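Colleague: Please take a close look at one part for me, the surroundings of the ligand, and then set that part in the context of the rest. Which residues come nearest to the ligand?

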Amino acid sequence: MTDLSTRARQILAELGAGDPFAEDGGLVATSPVDGSELGRLVAHTPAAVDATIGGAHAAFEEWRSVPAPVRGHLVRELGELLREHKEVLGELVSIEAGKIRSEGLGEVQEMIDICEFAVGLSRQLHGLTIASERPGHRMMEQWHPLGVVGVISAFNFPVAVWSWNAALALVAGDAVVWKPSEKTLLTALACQALAAEACRRVGAPQALSQVVLGDREVGEVLVDDPRVPLVSATGSTRMGKQVAPRVAARLGRCLLELGGNNAAVVAPSADLDLAVRGIVFSAVGTAGQRCTSLRRVIVHESIHDELVARLSKAYGTLSIGSPLEPSTLVGPLVDTPATEAFLGAVEQAQADGGRLVTGGTRADQMSGAVTGGQYVVPAIVDMPAQTDVVKRETFAPLLYVLTYAELDEAIALHNEVAQGLSSAIFTLDVREAETFLSAAGSDCGIANVNIGTSGAEIGGAFGGEKETGGGRESGSDAWKAYMRRTTNTINYSTELPLAQGVEFQ
Ligand code: NAD
């Protein structure tokens with residue numbers, strides 16, 4: 001057993017997940033840190049998933065009648081447990097997803113934040129009172145619990161995405177069945193152990209929060225089951241295009257959080273010190289494996305050379321290596337196909353006429369790589385045009401640079417891709433900033449000024465347009481997706497007037 005495996009097992013035991021391993025299990029948990037096996041687990045059969053959904057549905061029927069502020073107690077307890085165990089859960093995220101320690105901890109902090117938000121929300125799930133056109137009548141809206149929410153999540157935010165969904169769903173009065181990525185099984189079991197403990201502490205039904213393990217076939221059971229009125233799926237656009245038609249075929253609801261191809265415009269007036277810092281964090285943080293990672297810089301021709309030179313210099317100082325080392329800024333890619341996709345895209349970009357400014361290779365041990373892990377040197381490629389490879393999402397630290405002369409041209413380049421998640425402009429010119437944020441500006445769900453594309457706070461609604469899927473999670477009024485709205489008309493008069501003045505007697 002490797003050191004990482006031993007440590008992962010200690011953490012699971014500490015978090016109350018016991019020993020979930022089975023030597024003959026078909027699912028292999030591995031660590032991107034060094035490619036080592038952490039342990040084997042047994043996948044859920046379709047029959048087991050079916051039974052899990054049944055249990056969750058029964059729990060929902062009980063939970064929906066608990067007053068929302070009381071439901072908030074459960075999420076408050078979950079937040080407390082996360083706060084208590086932040087350090088070790090963050091470490092497990094680093095071991096299993098390869099995030100640097102600070103980002104592993106940041107992900108758990110995001111879970112705590114959404115729990116706090118959801119607790120406050122548990123007293124604010126209110127609808128409108130609406131003026132009726134009829135005398136002696138009143139109209140109002142109520143928001144009721146929806147049912148079982150199926151959560152399908154990606155490897156790169158192995159715990160936060162579940163919490164964004166679960167915290168809101170639980171205060172909304174729903175039950176949650178979670179199918180985590182097959183690449184991040186242990187962090188899911190750790191979260192589930194904490195959720196189960198929170199249920200125990202407040203006396204909520206245990207089946208309110210459950211995890212099913214497996215690959216896409218397990219996800220498909222959730223997708224097809226009519227007892228799951230909402231499927232919240234986070235992952236690639238390829239996955240979303242498979243899930244959405246199946247859920248639509250049974251007229252269920254989907255909340256899709258899919259791939260991004262995020263860009264930043266850098267205008268002539270930009271504060272370049274700030275722009276360089278924002279760009280580097282967004283492009284190489286999490287080794288470029290965030291849905292909001294910055295993949296394209298669209299820079300004004302007058303400052304192109306200076307920006308590229310500064311970025312190249314900053315890239316030269318990045319420490320690559322084990323995400324568990326405190327000094328590391330760039331950890332590993334998740335697996336071998338991810339490295340192949342990175343190297344292939346760098347090669348294609350050069351074949352399209354791009355100039356490789358820096359990086360673009362596997363990292364060797366001299367540059368910090370750990371044997372067995374997939375470590376690469378973050379790349380910048382200066383492109384003559386937005387070719388097909390630039391329009392694709394390559395889930396790795398690969399940044400393309402494009403040049404523009406007029407802002408309209410920059411916005412057109414920006415919006416030319418199929419994805420629409422996050423965007424930014426670096427400028428000190430209020431006209432440019434407001435144009436970028438306007439209806440004729442960025443077509444993304446997230447548009448920032450003078451900060452990068454990644455690192456969203458939980459208070460805002462998170463999600464994107466076009467092939468990013470259109471879903472919104474987390475803050476603002478994203479909670480409405482987890483509830484059903486009823487419109488009520490109440491007649492307190494002795495007459496029965498009909499709407500629109502219709503006579504019927
Ligand atoms: P992926 O699409 O390979 O897998 C995501 C999840 O979907 C996994 O749990 C997988 O088992 C499941 N799945 C795949 N096909 C399915 C199907 N047909 N039916 C049911 N379930 C299915 O994605 P990944 O490689 O784990 O994650 C990276 C991708 O996720 C990137 O494209 C990234 O941009 C995206 N992502 C988006 C967001 C967002 O909020 N927009 C957040 C994180 C990641």
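Modeller: Helices and strands here are DSSP runs numbered from the N terminus, a helix being a run of H or I of at least four residues and a strand a run of E of at least two. The model is predicted, and so local features need pLDDT of at least 70 and side-chain atom pairs count only at pLDDT 80 or more, whereas totals for chains, interfaces and linings use all residues. Residues are numbered from 1 along each chain as its sequence is written.

It helps to begin with the annotated span. The unreviewed UniProt entry places the feature "domain: Aldehyde dehydrogenase" at residues 29-486; such positions are given in the numbering used here, with shortened feature names, and the annotations may be inferred rather than shown by experiment. That span is 40% helix and 19% strand, and its end C-alpha atoms lie 44 Å apart.

Now to the ligand itself. A residue is taken as near a molecule or strand if its C-beta atom, placed from the backbone, lies within 6 Å of it. The shell holds 29 residues, and those that come nearest to the ligand are Ala-154, Gly-219, Gly-235, Glu-257 and Cys-291. Two elements give two or more residues to this shell, namely helix H8 (216-224) and helix H9 (237-249), and H8 supplies the largest share, four residues. In chemical terms the shell divides into eleven nonpolar, eleven polar and seven charged residues, where Ala, Val, Leu, Ile, Met, Phe, Trp, Tyr, Cys and Pro count as nonpolar, Asp, Glu, Lys and Arg as charged, and the others, Gly among them, as polar. The ligand lies between domain 1 (47-258 + 469-486) and domain 2 (262-457), because both of them give residues to the shell around it; the domain bounds come from an automatic or database domain assignment.

Among the residues that come nearest to the ligand, Glu-257 deserves a separate comment, since the unreviewed UniProt entry gives it the annotation "active site". Glu-257 belongs to strand S9 (residues 253-257). Burial is judged by counting other C-beta atoms within 10 Å of a residue's own, all placed from the backbone: 20 or more make the residue buried, 12 or fewer make it exposed, and counts in between make it partly exposed. Glu-257 has 30 C-beta neighbours inside 10 Å and therefore counts as buried.

Turning from the ligand to the wider setting, the protein has 15 helices and 21 strands. Its radius of gyration is 24 Å, close to the 23 Å that the globule rule gives for 505 residues, so the protein is as compact as a globular protein of that length; the radius is taken over C-alpha atoms, and the rule is 2.2 Å times the number of residues to the power 0.38. Along the principal axes, the C-alpha atoms fill a box of roughly 80 × 60 × 40 Å, and 54% of the 505 residues count as buried.

Two helices can be checked for their length. The expected span of a helix is 1.5 Å times one less than its number of residues. For helix H7 (residues 185-202), with 18 residues, this gives 26 Å, in agreement with end C-alpha atoms that are 26 Å apart. H7 is largely enclosed by the rest of the structure, because 13 of its 18 residues are buried, and just after H7 comes Gly-203 with a positive phi of about 75 degrees. Helix H4 (residues 86-97), with twelve residues, reaches 16 Å from its first C-alpha to its last, close to the 16 Å expected. H4 is mostly covered, nine of its twelve residues being buried, including Leu-89, Leu-92, Val-93 and Glu-96.

Finally, two residues other than glycine have a positive phi. Phi is near 60 degrees at Asn-450, which sits in the loop between strand S17 (446-449) and strand S18 (461-462) and is partly exposed, with 15 other C-beta atoms within 10 Å. At Lys-466 phi is near 50 degrees; Lys-466 is placed in strand S19 (residues 465-466) and is partly exposed, with 18 other C-beta atoms within 10 Å.
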